[in-house]
Amino acid sequence: MTDSAASVAMDNVRDFVAPEHIAPIYEALGSVGDDCLCEFIALHMKKKSAMLLLSIFLGGFGAGRFYVGDYLIGGCRVAVSVIAAALSLIPVLGIIASIASFIWYIAECILTYRRVRVDNFETVMGFLAVNKKKMRRSPSAVVGG
């Protein structure tokens, strides 16, 4: 891939991945052809802002975890919220359950934010690995090189 095409592709993913993941992506872009640029730009990546909004406003119901694909942990989050609400009828247990639920809520906001960036990196690298294999198998890549 040419440098200008690689810079266009990097502009597309720069906001979706962690800064430490940019260099490996840029290196991997060099091994794929220009013909996959449109597919690369059209990759579906999860948005950090959407995840943060879900976690902040619906985090008690596990919405951030459901967004990143952690359905089991999201379901556990819903169960803990329901149990904490039920325990709120008992004064001491309600306070303890509410504090524990709030601590988990804060941790979820941080963890799902990191998870979105890692998932996006894995999506990009998976796409590049598949297209790198296609380039090796394609006869035009060998002849036209």
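In which helix is the place of Ser81? Ser81 belongs to helix α6, which covers residues 71-87. The structure shown above is a predicted model, and this residue offers a convenient point from which to begin reading it.

It is useful to set the helix in its wider context. The protein chain contains 8 helices and 0 strands, and from the N terminus on its elements follow the order α-α-α-α-α-α-α-α. Of the 145 residues in the protein chain, 34% are buried. The area that the protein chain exposes is about 8600 Å², and 70% of this area is supplied by carbon and sulfur atoms. Contacts may be considered as well: among those between residues at least 6 apart in sequence, 68% join residues at least 24 apart.

Let us return to Ser81. Is this residue buried or exposed? Ser81 counts as buried because its relative accessibility is 15%, and the limit for a buried residue is under 20%. When residues up to four places away in sequence are not counted, Ser81 touches Gly60, Phe61 and Ser101.

One of these neighbours, Phe61, leads the reader to the surface. Phe61 lies in the loop between α4 (48-58) and α5 (63-68). With a relative accessibility of 53%, Phe61 counts as exposed, since the term applies to values over 50%. Phe61 is also part of a nonpolar patch on the surface, which it forms with Leu53, Ile56, Phe57 and Leu58. Together, the residues of this patch have about 550 Å² of accessible area.

Helix α2 (residues 22-29) provides an example of buried residues within one helix. Ile22, Ile25, Ala28 and Leu29 are buried there. Why are these residues said to be on the same side of α2? They are on the same side because they cover an arc of only 130° around the axis.

The aromatic residues deserve a final look. A pair of aromatic rings is described by the distance of the centres and the angle of the planes. In the whole structure, a search finds 3 aromatic pairs. One of them is formed by Phe40 and Phe127, whose rings are 5.7 Å apart centre to centre, with 45° between the planes, and the pair is tilted. This pair links distant parts of the chain: Phe40 is in helix α3 (residues 37-41) and Phe127 is in helix α7 (residues 91-137), 87 residues apart. Both Phe40 and Phe127 are buried.

Conventions: Residues numbered from 1 in each chain as written. Predicted model: local features only at pLDDT ≥ 70, side-chain atom pairs only at ≥ 80, totals over all residues. Heavy atoms only, no water. Helix = DSSP H or I, 4+ residues; strand = E, 2+ residues; numbered from the N terminus. Buried < 20%, exposed > 50% of the residue type's maximum accessible area, 1.4 Å probe, protein only. Contact = heavy atoms within 4.5 Å. Patch = residues over 30% accessible without salt bridge, like charges linked within 9 Å, V, L, I, M, F, W, Y side chains within 5 Å. Areas by Shrake-Rupley, 256 points an atom, 1.4 Å probe, with all protein chains shown as cover. Salt bridge = Lys/Arg side-chain N within 4 Å of Asp/Glu carboxyl O. Phe/Tyr/Trp six-rings, centres within 6.5 Å; stacked < 30°, edge-to-face > 60°. Arc of directions from axis to C-beta.
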